[in-house]
Amino acid sequence: MPTILCIDDDTNFLELEKSILETSGYTAVIASDGPTGITLASKSPIDVVALAFKMRAMNGGQVAEVLLKQQPDLPIVVCTGFFETMPHWLRWFAAACVEKRDGLDVLLSTIQEVIAHKKVPRQAVAA
């Protein structure tokens, strides 16, 4: 089953996110700040990142920048209550953006869609 890394400094939302993902059959790994999320993403295979934008230590844009440099094909779903303040480049590079106020069901269906359309690396073909 795919592994989803959830990064958010709202621990209540993070626990709900983990619960709904695990109930839906996913493996959920959680981080309550950007640096912890970056470390987790570098240590274990992650299929999708669900990333908050407004966080205290590092905002979602800073976290996404590091993650995309390390793993350019890692899909990031930004889940935020501050969509209007999100930088345009992050909207461009994110696999999807959802607003927290739309609820966890919307986030779950968005993650499912991203996984369904995730790029699969091409296998080398012998010439």
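Two helix directions count as roughly parallel at angles under 35 degrees, roughly antiparallel over 145, roughly perpendicular from 65 to 115, and oblique for the rest. What you see here is a predicted model, so local features need pLDDT of at least 70 and side-chain atom pairs count only at pLDDT 80 or more, while totals for chains, interfaces and linings use all residues. Residues are numbered from 1 along each chain as its sequence is written, and side-chain values use heavy atoms, with hydrogens and water left out.

**View A. Helices α1 and α5 pack against each other at an angle of about 50°.** Helices (H or I, at least four residues) and strands (E, at least two) are DSSP runs, numbered from the N terminus. Helix α1 covers residues 11-23, and helix α5 takes in residues 104-116. Their axes lie 10 Å apart; such axes are lines fitted to C-alpha atoms, for helices over the stretch in contact, and the angles run from 0 to 180 degrees between N-to-C directions. With that angle, α1 and α5 are oblique to each other. The crossing of α1 past α5 is right-handed, meaning that the near helix is turned clockwise from the far one by less than a right angle (anticlockwise would make it left-handed).

**View B. Helices α2 and α3 run roughly parallel.** Here residues 34-43 form α2, residues 60-70 form α3, and the two pack at an angle of about 15° with axes 10 Å apart. That angle is why α2 counts as roughly parallel to α3. The crossing of this pair, α2 and α3, is right-handed. While you're looking at α3, pick out Q62, which sits in this helix. Q62 is partly exposed, at 39% relative accessibility (buried means under 20% relative accessible area, exposed over 50%, and partly exposed in between, with a 1.4 Å probe and protein chains only). From Q62 to K43 is 19 residues in sequence and 19 Å in space, C-alpha to C-alpha.

**View C. A salt bridge joins D9 and R56.** How many salt bridges does the structure hold? There are 5, counting any side-chain nitrogen of Lys or Arg within 4 Å of a carboxyl oxygen of Asp or Glu. In this one, the N to O distance is 3.6 Å. The partners come from distant parts of the chain, 47 residues apart: D9 belongs to the loop between β1 (3-7) and α1, and R56 to the loop between β3 (48-51) and α3. Is D9 buried or exposed? D9 is buried, since its relative accessible area is 16%. R56, by contrast, is exposed at 71%.

**View D. K69 and E65 share a salt bridge along helix α3.** Their side chains meet at 3.6 Å, N to O. K69 and E65 are separated by about one helical turn, because they lie 4 residues apart in α3. K69 counts as exposed at 64% relative accessibility, whereas E65 is partly exposed at 39%.

**View E. R101 and E99 make a salt bridge too.** Nitrogen and oxygen are 3.0 Å apart in this pair. R101 is exposed, with a relative accessible area of 70%, but E99 is buried at 18%.

**View F. W89, W92 and F93 make a nonpolar surface patch.** The patch has an area of about 420 Å². Patches are made of residues with over 30% relative accessible area and no salt bridge; like charges are joined within 9 Å, nonpolar side chains (Val, Leu, Ile, Met, Phe, Trp, Tyr) within 5 Å. Areas come from the Shrake-Rupley method with a 1.4 Å probe, and for residues only the protein chains shown count as cover. One patch member, F93, lies in helix α4 (residues 88-93) and is exposed at 51%. R91 is also found in α4, though R91 is partly exposed, with 26% relative accessible area. R91 and G61 are 30 residues apart in sequence, with 9.6 Å between their C-alpha atoms.

**View G. V77 is buried in strand β4.** The strand spans residues 76-80. How much relative accessible area does V77 have? The value is 0%, which is why V77 counts as buried. The C-alpha atoms of V77 and C6 are 9.5 Å apart, although 71 residues separate the two along the chain.
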